[in-house]
Amino acid sequence: MKMIYKDALKYIKNNEKVLLEFYTDWCADCRMMEPVVDNAMNELKKDGFTLVKVNAEEANLYKKENPEFEVLKVPSFFKVINNKATHIGYEYLPMEHLIKKVRD
């Protein structure tokens with residue numbers, strides 16, 4: 001689900017497992033990753049993950065230092081478990097690689 005940044009932070013605090021994606025509307029890799037992420041989420045939902053998508057430009061995060069999330073490239077993916085974020089990749093990721101990184 002798409003959220004503005006401040007709502008995404010609240011959602012993360014109240015949910016145990018989240019796959020967080022930062023994207024921009026103009027990003028070709030972001031559009032290319034949409035079906036990959038959708039298909040990966042079919043598997044990751046079984047593990048209790050939900051998907052949250054945040055527009056990095058609207059959140060004013062793209063290529064800026066941020067204490068919570070460093071978004072230097074888009075799309076950027078983070079797995080958040082119990083409020084602890086781990087960067088798992090950016091730009092294009094094959095579905096199997098994305099699933100493995102989230103589950104590791």
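In this predicted model, V102 has its place in helix α3, which spans residues 95-103. With a relative accessibility of just 1%, V102 falls under the 20% cut-off and so counts as buried. Leaving aside residues up to four places away in sequence, V102 touches L19, L44, F49, K79 and I88. P75 is another matter of spacing: V102 and P75 sit 27 residues apart in sequence, and their C-alpha atoms are 15 Å apart in space.

V102 has company on the inside of the helix, since L98, I99 and V102 of α3 are buried. Looking down the axis of α3, these buried residues fall within an arc of 95°, so they line one face of the helix. The general geometry helps here: an α-helix has 3.6 residues a turn, so residues three or four places apart point the same way. On the face of α3 turned away from the buried side are the exposed residues E96 and K100. As for what lies on top of the buried residues of α3, the cover includes β1, α2, β3 and β4, the last of these being residues 84-90.

The end of α3 also takes part in charge pairing. In general, side chains of opposite charge can pair when their charged atoms come close. R103 makes a salt bridge with E43, with 3.6 Å between the closest N and O atoms. R103 belongs to helix α3 and E43 to helix α2 (residues 28-44), so this pair ties together parts that are 60 residues apart in sequence. R103 is partly exposed, at a relative accessible area of 44%. Salt bridges with shared partners join E43, K46, D47 and R103 into one network. Within that group, the side chains of K46 and E43 meet at 3.2 Å, N to O. The two differ in how open they are: K46 is exposed, with a relative accessible area of 61%, whereas E43 is partly exposed, at 30%.

Altogether, the count comes to five salt bridges. Another one of them brings together the side chains of K53 and E21, 3.8 Å apart from N to O. Here K53 is in strand β2 (residues 50-55) and E21 in strand β1 (residues 17-23), so the pair ties together parts that are 32 residues apart in sequence. Both partners, K53 and E21, are buried. K53 does something else as well: K53 lies over the face of Y23, at 5.7 Å from the ring centre.

Turning to the rings, the count of aromatic pairs is four. One of these is formed by Y5 and F22, a tilted arrangement with 6.3 Å centre to centre and 50° between the planes. Y5 sits in helix α1 (residues 5-14) and F22 in strand β1, so the pair ties together parts that are 17 residues apart in sequence. Y5 counts as buried at 15% relative accessibility, and F22 is buried with a relative accessible area of 0%. F22 also pairs with F69, again tilted, at 5.4 Å centre to centre and 50° between the planes. That second pair links distant parts of the chain, with F22 in strand β1 and F69 in the loop between β2 and β3 (76-81), 47 residues apart. Both F22 and F69 are buried. Put together, ring pairs link Y5, F22, F69 and F78 into a cluster.

Last come the cysteines. A disulfide is, in general, a covalent bond between the sulfur atoms of two cysteines, and the structure holds zero of them. C27 is buried, with a relative accessible area of 4%. C30 is buried too, its relative accessible area being 4%.

Note on methods:
Residues are numbered from 1 along each chain as its sequence is written. This is a predicted model: local features need pLDDT of at least 70, side-chain atom pairs count only at pLDDT 80 or more; totals for chains, interfaces and linings use all residues. Side-chain values use heavy atoms; hydrogens and water are left out. Helices (H or I, at least four residues) and strands (E, at least two) are DSSP runs, numbered from the N terminus. Buried means under 20% relative accessible area, exposed over 50%, partly exposed in between (1.4 Å probe, protein chains only). Contact means heavy atoms within 4.5 Å. A salt bridge is a side-chain nitrogen of Lys or Arg within 4 Å of a carboxyl oxygen of Asp or Glu. A disulfide is a pair of cysteine sulfur atoms within 2.5 Å. Rings of Phe, Tyr and Trp (its six-membered ring) pair if their centres lie within 6.5 Å; planes under 30 degrees apart count as stacked, over 60 as edge-to-face and the rest as tilted. A charge sits over a ring if NZ of Lys or CZ of Arg is within 6 Å of the ring centre and within 35 degrees of the ring normal. The arc is that of the directions from the helix axis to the C-beta atoms.
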